[in-house]
Amino acid sequence: MQHTSTTSTTTTQKTRLPLVGEARSTKTDVDIEAELRAFEEAERERLGLKSERRQWVDNMLKPKMTKKERDNVTLLISGLTAAQDFLCEGALKGLGYNVHYFGMSDNAGLQTGKEFGNRGQCNPTYFTVGGLVKYLIDLRDKQGMSTEDIIKNYVFLTAGACGPCRFGMYVTEYRKALRDAGFDGFRVMLFQQTGGLSQATGDDVGLEMNPAFFIAIIKAIVCGDTLNALGYRIRPYEVEPGATNRAMESAKRILYKALYEQTNVFRALYEARKEFEGVKVDKLRPKAKTSIIGEFWAMTTEGDGNYALQRFLESEGGENDIQLTTAWLLYNIWECARDTRERRDLRGADEGNYGLAGLDEFGVAKRLATMRLAEGALRVGFQAFALPLGLLDYHLPDMELVAEVAKDYYSNDLRGGEGHMEVGKLIVNAVKSKAHVTVSVKPFGCMPSSGVSDGVQSLITSRYPGTIFCAVETSGDGATNFYSRIQMYMFKARILAEQELTRAYEEAGVTEAEVRAFLTRNPKYASPLHHAPHRVAGSAANLVYEVAPLIKQTAAERAAGKAKAAAGALRDAVKAVPAKAKAAKEFLTDPETLARAREDVALIRDIVGGKAAERFSPLVKRLAGKAYFENNPEVRHVSHGANSVEPIAAE
């Protein structure tokens with residue numbers, strides 16, 4: 001009997017570990033490993049983990065949209081500024097697509113992103129992923145659309161690229177959140193940078209990546225850039241609060257209509273100009289010129305993603321100097337040209353996605369010539385859009401200058417985030433009096449931007465005393481600390497702007513009353529579109545320096561002064577002729593100059609020979625992709641396939 005009892009005790013399954021001090025008959029009564037296994041099995045059964053689990057696999061790596069679906073499928077877009085996304089919707093609708101811009105992500109989208117997304121993602125991911133998921137949930141729960149119809153009739157359009165951060169898995173983050181929200185199978189159409197945006201071709205492809213598509217995108221983006229730059233230039237000086245925003249909305253509708261109907265966009269820009277001309281302004285208000293730099297999404301989004309940074313800076317007495325998407329395109333061109341120059345001797349072994357394998361010396365030369373022509377065309381094209389709108393005297397950054405001033409502090413070959421541009425922009429702002437304060441904004445944990453803003457820039461501020469630099473991070477739930485930090489720096493910048501304006505009055509020998517009286521008599525200088533020549537950072541001080549000679553001197557005195565200045569300039573030019581002639585001779589006989597001339601001649605020969613489309617089609621596609629898609633940092637992907645080489649520029 002005793003033996004039977006012992007056997008029964010040792011074979012009974014236990015659901016807990018033995019308690020300390022619990023009686024044991026012998027040392028062999030308890031098998032620790034068996035007890036642990038029994039406890040684990042009991043806990044698994046209690047928690048419902050008994051059954052074998054299958055790991056989820058992303059099976060939507062190559063979603064497609066066919067021509068048959070085109071009339072019924074709506075393309076969802078979001079990610080750039082409100083003006084650019086709105087205008088891109090109009091441009092793509094004009095090509096016959098059903099497109100819907102579902103708005104900028106807000107805090108509700110952030111919470112949705114955190115609910116359905118993985119932990120530890122960066123701020124842009126939560127906002128953008130959550131914004132899409134929230135929109136689909138609203139379609140289902142508020143508008144009564146079935147999940148099947150949503151999956152069938154909607155597609156989210158974005159693009160992938162290589163990137164220095166966790167970009168390679170962000171598209172899967174979209175799909176994971178969509179699956180957990182009940183939209184498993186929803187199509188996130190990803191266009192690989194390394195595969196070329198022209199990959200979506202074929203008889204049954206519903207989204208055609210042709211030149212018309214990319215030209216429409218670029219036109220919409222540049223129109224949005226000019227609208228944004230002009231709006232931020234006028235808004236701080238408006239007399240009636242909200243007048244600039246109303247003009248902006250009217251201008252956006254005018255341009256949307258032109259892009260949708262594919263009519264003359266330049267005429268539409270001129271019509272939009274009249275909306276801004278009606279805004280009454282007071283240009284003598286001292287405003288702190290504030291340059292916004294940092295991680296692309298954080299510095300360009302205009303909503304909760306950066307705590308409405310631009311609006312807050314204006315409420316604190318700032319005039320925002322924003323970074324345009326067009327400037328990013330100039331950086332892309334500079335990047336390609338520099339890499340080509342640095343790698344031109346590695347052609348035989350350089351088979352990377354941006355390599356030169358297969359190109360002889362002449363092919364490399366033509367690529368460099370193409371880059372120079374592309375930069376010139378982009379700058380001229382931007383001004384062609386800016387001038388009809390009234391964005392006068394706006395200068396895109398000199399990428400060579402930015403690279404030159406930054407190279408001693410941050411290598412031009414490091415490409416994470418904005419690369420060396422953050423460093424170069426701060427130095428240019430300080431040396432050339434471009435801004436009273438520079439604000440660098442980035443998502444919490446953004447390694448490329450944090451390494452620059454919190455590391456390298458501290459050295460820059462020590463080397464350039466008097467520079468006001470404010471680095472801030474966004475996390476979605478730290479607005480109070482964010483605003484408090486900015487307010488400290490904006491207080492210093494406002495004082496600097498006020499002192500600058502006072503000094504301008506004193507140096508010019510005029511009073512505020514005299515300047516105001518002059519502006520009343522000469523309304524063209526008080527126009528919201530008038531922009532005084534740059535001399536100092538503040539717009540008000542620049543206006544004082546511009547009009548002071550017109551107040552203190554008669555027309556005859558001004559004419560005499562101009563004649564005297566012209567005579568002095570002529571005299572100096574004559575004295576400089578020998579030195580300039582020598583420099584010109586050295587330039588014309590320089591081997592690099594001769595090489596560039598040969599490159600340009602070869603490029604012109606190709607264009608005259610009818611090869612312009614062949615030459616520039618890959619470049620237009622690449623720039624359009626970067627402008628509209630790659631600058632959405634929430635989605636990037638690395639492709640290492642054998643056929644992943646993308647033709648760039650002159651390839």
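Glu-422, Val-423, Leu-426 and Ile-427 of helix 16 pack up against Ser-449, Val-452, Ser-453, Val-456, Gln-457 and Ile-460 of helix 17. Sort the residues of that contact by type and you get six nonpolar, three polar and one charged. Keep in mind that this is a predicted model.

As for the geometry of the pair, the axes of helix 16 and helix 17 (residues 447-463) come within 10 Å and cross at roughly 35°. The crossing of helix 16 past helix 17 is right-handed.

**Two positive phi values**

Just past helix 16 there's a backbone detail to look at. Ser-433 sits in the loop that runs from helix 16 (421-431) to strand 7 (437-443), and its phi is near 50°, which is positive even though the residue isn't glycine. Asp-393 has a positive phi too, near 55°, and again it's a residue other than glycine. You'll find Asp-393 in the loop between helix 14 (361-389) and helix 15 (399-406). As background, a negative phi is what most residues other than glycine have.

Here are the two side by side:

| Residue | Phi | Loop between | Relative accessible area |
|---|---|---|---|
| Asp-393 | near 55° | helix 14 and helix 15 | 36% |
| Ser-433 | near 50° | helix 16 and strand 7 | 32% |

Buried, exposed or partly exposed: where does Asp-393 fall? With a relative accessible area of 36%, Asp-393 counts as partly exposed, because that class covers what lies between the buried limit of 20% and the exposed limit of 50%. Ser-433, at 32%, is partly exposed as well.

**Helix 13**

Now for a helix with a lot of cover. In helix 13, 16 of the 19 residues are buried, so the rest of the structure largely encloses it. Its length checks out too: helix 13 covers residues 325-343, and at 1.5 Å a residue it should span 27 Å. The C-alpha atoms at its ends are 27 Å apart, so the expected span and the model agree.

**The whole chain**

Zooming out, the chain has 23 helices and eight strands. How much of the chain is buried? Buried residues account for 50% of its 651 residues. The accessible surface adds up to about 31,700 Å², and carbon and sulfur atoms hold 54% of it. As for contacts, take those between residues at least 6 apart in sequence: 76% of them join residues at least 24 apart.

Methods. Residues are numbered from 1 along each chain as its sequence is written. This is a predicted model: local features need pLDDT of at least 70, side-chain atom pairs count only at pLDDT 80 or more; totals for chains, interfaces and linings use all residues. Side-chain values use heavy atoms; hydrogens and water are left out. Helices (H or I, at least four residues) and strands (E, at least two) are DSSP runs, numbered from the N terminus. Buried means under 20% relative accessible area, exposed over 50%, partly exposed in between (1.4 Å probe, protein chains only). Contact means heavy atoms within 4.5 Å. Accessible areas come from the Shrake-Rupley method with a 1.4 Å probe; for residues, only the protein chains shown count as cover. The expected span of a helix is 1.5 Å times one less than its number of residues. Axes are lines fitted to C-alpha atoms, for helices over the stretch in contact, and angles run from 0 to 180 degrees between N-to-C directions. A crossing is left-handed if the near helix is turned anticlockwise from the far one by less than a right angle, and right-handed if clockwise. Ala, Val, Leu, Ile, Met, Phe, Trp, Tyr, Cys and Pro count as nonpolar, Asp, Glu, Lys and Arg as charged, and the others, Gly among them, as polar.
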